[in-house]
Amino acid sequence: MKEQQPAIQVDDLTVAYNYKPVLWDIDLTVPEGVLMAIVGPNGAGKSTLIKAILGIIDPIAGSVAIYGKPYKEQRKLVGYVPQKGSVDWDFPTTAVDVVLMGTYGKLGWIKRPGKKEKKEALEALEKVGMLSFKNRQISQLSGGQQQRVFLARALVQDAAIYFMDEPFQGVDATTEIAIINILKELRKAGKTVVVVHHDLQTVPEYFDWVTFLNVKKIATGPVKDIFNDDNLTKTYGINYKVAINK
Ligand code: ADP
């Protein structure tokens with residue numbers, strides 16, 4: 001049954017801050033198993049769209065379904081890697097503990113993470129190149145390193161849909177390649193991955209699906225069909241070649 005539903009269905013979604021709409025009447029269907037970039041200029045509402053889908057922000061109109069049901073009922077299917085530096089860590093917790101938090105959903109309230117979960121957490125830290133920082137306080141890691149720890153947490157969560165808000169922001173080239181390889185691995189495993197992405201040049205190489213957003217949805221679909229001059233110009237309001245060489 002799950003296969004027949006789109007992974008994400010957004011209908012007539014409008015979101016406003018202080019009565020000013022920042023997302024206007026968005027309809028969006030994301031099929032299962034795509035690696036999708038959300039692109040658009042600063043302030044286009046990309047982060048807000050993810051937050052609205054995850055129920056972090058209440059829309060003034062519209063609805064969101066994850067495999068046909070409200071997010072609240074599908075929490076366990078969803079992993080979220082927030083924007084770098086957007087989480088304040090004012091309590092002491094180590095990198096490996098943050099990753100272990102990702103296993104709580106599977107364990108339920110009563111069981112505590114055991115050997116198996118610890119092993120998974122360490123493997124995930126290794127995948128993102130952070131194993132040697134496992135006992136470091138999360139507050140004492142750089143923003144890019146924190147981002148990688150969040151990615152490891154999402155991996156152990158074993159979700160069906162992943163949302164990542166600019167995972168490549170401010171990371172070095174090696175980390176970028178490591179992250180994109182993990183995202184491609186997730187897609188191979190049949191997961192759906194939605195990424196807020198800034199670098200237009202890498203869209204065709206990294207992603208197979210794309211959504212153009214600028215308060216309104218401009219276009220959504222396969223990169224090979226819709227990643228073109230016309231949609232880039234509609235979204236950025238400037239010539240495609242200028243946008244891509246930015
Ligand atoms: P993007 O991710 O595309 O850069 P955002 O979703 O972060 O855009 O923001 C969309 C618009 O909403 C921007 O104009 C931004 O200034 C505004 N905005 C974002 N968060 C808030 C907030 N908490 N309160 C008021 N306005 C906000």
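Q: Which backbone does an oxygen atom of the ligand sit 2.8 Å from?
A: A polar backbone atom of Gly43. That is a polar contact, meaning a pair of N or O atoms within 3.5 Å.

Q: Is this model predicted, and how should I read the numbers?
A: This is a predicted model, where local features need pLDDT of at least 70, side-chain atom pairs count only at pLDDT 80 or more, and totals for chains, interfaces and linings use all residues. Residues are numbered from 1 along each chain as its sequence is written, and side-chain values use heavy atoms, with hydrogens and water left out.

Q: Back to the ligand. What does Thr48 do there?
A: Thr48 has a polar side-chain atom 2.5 Å from an oxygen atom of the ligand.

Q: And Ala44?
A: A polar backbone atom of Ala44 is 3.1 Å from a ligand oxygen atom.

Q: Which residues surround the ligand?
A: Tyr17, Val22, Pro41, Asn42, Gly43, Ala44, Gly45, Lys46, Ser47 and Thr48. Each has a heavy atom within 4 Å of the ligand.

Q: New topic. At what angle do H6 and H7 pack?
A: About 15 degrees, with their axes 12 Å apart. H6 covers residues 143-157 and H7 covers residues 173-188. Helices here are DSSP runs of H or I, at least four residues, numbered from the N terminus. Axes are lines fitted to C-alpha atoms over the stretch in contact, and angles run from 0 to 180 degrees between N-to-C directions.

Q: What do we call that arrangement of H6 and H7?
A: H6 and H7 are therefore roughly parallel. Angles under 35 degrees count as roughly parallel, over 145 as roughly antiparallel, 65 to 115 as roughly perpendicular and the rest as oblique.

Q: Which residues meet there?
A: Arg148, Leu151 and Leu155 in H6 meet Thr175, Ile179, Ile182 and Leu186 in H7. Contact means heavy atoms within 4.5 Å.

Q: What about H5 and H6? How do their axes cross?
A: At roughly 135 degrees, coming within 9 Å. H5 spans residues 115-127. H5 and H6 are therefore oblique to each other.

Q: Who makes that contact?
A: Glu120, Ala121, Ala124, Leu125 and Lys127 of H5, with Val149, Ala152, Leu155 and Val156 of H6.

Definitions and conventions: Helices (H or I, at least four residues) and strands (E, at least two) are DSSP runs, numbered from the N terminus. A polar contact is a pair of N or O atoms within 3.5 Å; within protein, one must be able to donate a hydrogen and the other to accept it, and residues adjacent in sequence count only if both atoms are side-chain atoms.
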